[in-house]
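Happy to go through this with you. Let's look at how each label is earned, one term at a time.

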Amino acid sequence: PSQVVPGADPSARQLCFAWGPAEVLVCETLFSRRGGSPSPGEAGPGRALLPGVLTGCLAGTGEGGPSSSRLFVVRKDQDIYIQTLRKLFNESHGIFIGLQRSEEELAGKSRKAQLVQVSKNYRSVIRACMEDMHQAAISARDPALHSQYSTQVSILSAMELIWNLCEILFVEAAAAGPLLLRLLDWVRLHVCDVDNMVREVLSSENPSKHELFWNVVDVFVLQGRMDEARHLLSKEASANPTSVNMYKILDDLMKKMPVPSLGNTQTLTEMELKWQHWHEECQRYLQDGTFASNSHMESICKILLGDEDAILEKKEIMTTWYHFLVTRLLYSHPTVKPMELRFYAQACMDLFLGGESSPEPLDTILMAAFEFEMHQVIKECSIALSNWWFVAHLTDLLDHCKLLQSHNLYFGSNMREFLLLEYASGLFSHHSLWQLGVDYFDHCPEYGRVYLELHIERIPLNTEQKALKVLRICEQRQMHEQVRSICKIMAMKALRNNRLGSALSWSIRAKDAAFATLISDRFLKDYCERGCFSDLDLIDNLGPSMLLSDRLTFLGKYREFHRLYGEKRFSEAAKLLLMLMTAHIAPCSFWMTLLTDALPLLEQKEVIFSAEQTYELMRCLEDLTAGKSDKQKFQDDDVETMKVEMLRLALARNLARVIVKEGTLEGS
Amino acid sequence: QDNTISIWSVGDLGNAGLNGEYQGEPQLLCDIRHNGDVMDMQFLDQERIVVASSTGTVTIFRHHQNNQTLSANQRWEKAHYHVDQDTSCGGAACTGVICNNPEIVTVGEDGRINLFRADQKDAVRTIDNADSSTLHAVTFLRTIEILTVNSIGQLKIWDLRQQRNEPSQIFSLTGDRVPLHCVDRHPNQQHIVATGGQDGMLSIWDIRQGTMPVSLLNAHEAEMWEVHFHPSNPDHLFTCSEDGSLWHWDTSTDISEKPSFLHQGGRSTTYFSHNTINQSVVSAWLSNDPTKDRMEITNLIPNQTLSVNSLDILGPCLVYGTDAEAIYVNRQLFA
């Protein structure tokens, strides 16, 4: 069904759009419908619309009033933003995970009991949510909000109704006998207008004189609540002594009515036999005219006999065709088998609706359930509901009950996986519920991983803590590409904000040597410009992470050289400096700086560099200058040439001194 | 976004059920909208709460108990920012806050340390670029000294009396510089400090001696978000983690009386090693002789799914919150 984006008027402006992961951007272009040329005036200031980029905000109105453009963000899944539904998503996530992790080895009855418990858990979550939503509806001041909440309550109520029926028919797969009892429970639970009526009558001074008295008795009888009906009737009997006789008989009949038992105390055939006898007894009393003087009691007796018309008369009380169905079954076929339900269901629905109204979506879904058409149920629910939550979880549960044939859809994955993927994708467009989506993807064997890989990179990372959570998820699933990509984004952000330590920390996490090199270059650049190191706390404490990249190692060692020099440990400093060049840890561009750093060491009173070391230094200098072409030498300014000259001189002087020193015999 | 600060009431102590579980759900008393994610918060006094936001703002909220409302009392906008305080974006998340009425210290992703005083508009002191990486947590060591941990695995002590912007001491882990996320100080013995790291490791430090931790305990499988010594029972330590577990570390000496083969309920316990008698002199946390100490570690969460982000303890009560948007309260911690 097509929907209108409010405010976007295609007749006034040409619209363009771009797809995003969970949203669509629609924007008005500068082109009006009437002509082909752009209308005068600019789009809002500072909002360049780049294709494919989510700006996520409405364009400003800017200076030009009517000619400015607007940007619409169209989200497809609105439900995830409803505050009160969050409990539903979170709690059902826990149940879902529990189900996936539960043991498959449990066989037969215990497994079934386990699955029924899971189903009940889901339903109690729906009910809790319904309760919250109801409270919210009551306390809502704004009428639009009130109606939205009320609609949600009725949707949740319908969902629970459907789920409950599916639990009875599919998960528990109740057999003939218990089936009826379960259906009775189901009806009693979901037709709740009754309770108000009951309370009203019971709390009145003279219940039997209340105008709704017989309605309440009828309700009890229609729902098979015999004890409660009898209790009320006894009030009538005591108030009306003339009908005591009638009452006694009716009470007796109601007491004796055979019902299917849950345990193994009687077989179906036994029950059927008893029921047949009882039915005949009722028949006799009716035909004798025992209840002729009291129309209410007579109609009750007719109901007990399963008289269709008598039951249909109470249409207003039953309100729904499925209530009618269950009542009919109770009083005419209590041992109905599951597979027979479909015939009775269809017949009852036709009778009840009587051709005056057509079935609503809920009716079609329930009918499909009675017909045991699981796929039909899922399909109809998908169409009727605005959110994938219901069908995804129900299908998953049915799949665990091994009830869905691997019904491969034409694009490869099965229905369960398809629905889970759709649901989880919807979650990912939410700024915080995406964490739930991760687990759902994990349990989709075919496409889950791919979906996760695509979605996880698009989560906006506004704090480091969020980035860490995303990273942990990726690392746990060996998604190395994503780890690298996210760490790079965070490191780049840190770098731009001048947080070099943070940037380094991110590159260590990703083991990204290239980025570590980038950061080290930045440090070295800072040093060259300012003459001192920034962030010494970082460089001094690199530890083993120094080995991540050569440049980083150089940085650490270079700083160590400065420290040694500062502590006047000159020979160690000298050795380190030389090693930096000879072991090629230092980048060639830095050699000049290093050699310049060697100058003060060469000029010390005490000879520091040995002869061999001096030779090495000279070689390094020659390597450096030889590497320069003649043109470069020509371009070198005076400072450069002077530096080289000074170095040559210092080296030569040092060599002289050290040769003498080394040649001198000790002690003579 | 729709973040709020909420105050809940957890019912009366007298209603504890048979198995020690709280009766009834926590009731929401009041809430107030908060701009940005809540990164950290602490009670300043009985009525005021300091909250650190991901937008870099630090706010003091006041809880009015007579009519059960919350109001914003004071706010320091852009307490943490990158590069330029005046640009419209560029706020940096404030990651940690610690209070010692009326002083408030905050740290953030911008590596900045702020010292505020409640009711004073401007910061008393700001140390810009105190750290080149992100500061994840802060706690008071003494009234004039604070401890910070950062994302390159360093524990630093800062003396707030001194005017220089350098830490007075730096400690770091051996080996890889794993980021540290949380820090807490022993309530009574102020030289004992516990930190938690990104790899889930719990480190115990003695800051009187050495620059390396005294013991490293392999704990969680993912980031440890918070570590807390029990304020009145400091033989007990609690840690929570991204892996969804919350561990209770117990070094109290009376475990030796419990027979080691009895397990209570569904708790999973691991015993570290054997216990010694003169524990009272040297804290159990510092003894690194594996044959002498026994530590009992219990995971308090039976079905872990999503991360436990935060916890707090007071007396017999433990409260923690998870990423499944649930808050759990345990009011009979030592039962």
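The questions and answers below set computed values against their definitions.

This is a predicted model, in which local features need pLDDT of at least 70 and side-chain atom pairs count only at pLDDT 80 or more, while totals for chains, interfaces and linings use all residues. Residues are numbered from 1 along each chain as its sequence is written, chains are lettered from A and ligands numbered from 1 in the order in which they are written, and side-chain values use heavy atoms, with hydrogens and water left out.

Q: What makes the contact between D323(B) and K469(A) a salt bridge?
A: The term asks for a side-chain nitrogen of Lys or Arg within 4 Å of a carboxyl oxygen of Asp or Glu. Here the N to O distance is 2.8 Å, so the pair qualifies. Between chain A and chain B the count is 5 salt bridges.

Q: Which helices of chain A supply at least two residues each to the side that touches chain B?
A: They are α1 (86–101), α19 (434–442), α21 (464–476), α23 (500–509) and α25 (536–539). Helices here are DSSP runs (H or I, at least four residues), numbered from the N terminus.

Q: How do you know how much area chain A and chain B bury between them?
A: Buried area is the accessible area (1.4 Å probe) that two parts lose on being put together, summed over both. For these chains that comes to about 3100 Å², with carbon and sulfur atoms giving 42%. R472(A), R499(A) and D537(A) supply 19% of what chain A buries against chain B, more than any other three residues. By contact (heavy atoms within 4.5 Å), 35 residues of chain A meet 43 residues of chain B.

Q: What links domain 1 of chain B to domain 2 of chain B, given a count of 0 salt bridges?
A: The rule finds 5 residue pairs in polar contact there, both residues at pLDDT 80 or more. A polar contact is a pair of N or O atoms within 3.5 Å; within protein, one must be able to donate a hydrogen and the other to accept it, and residues adjacent in sequence count only if both atoms are side-chain atoms. The two domains bury about 560 Å² between them.

Q: Why is the span of α29(A) called close to expected?
A: The expected span is 1.5 Å times one less than the number of residues. Helix α29(A) has 17 residues and reaches 24 Å from its first C-alpha to its last, against 24 Å expected, so the two agree closely.
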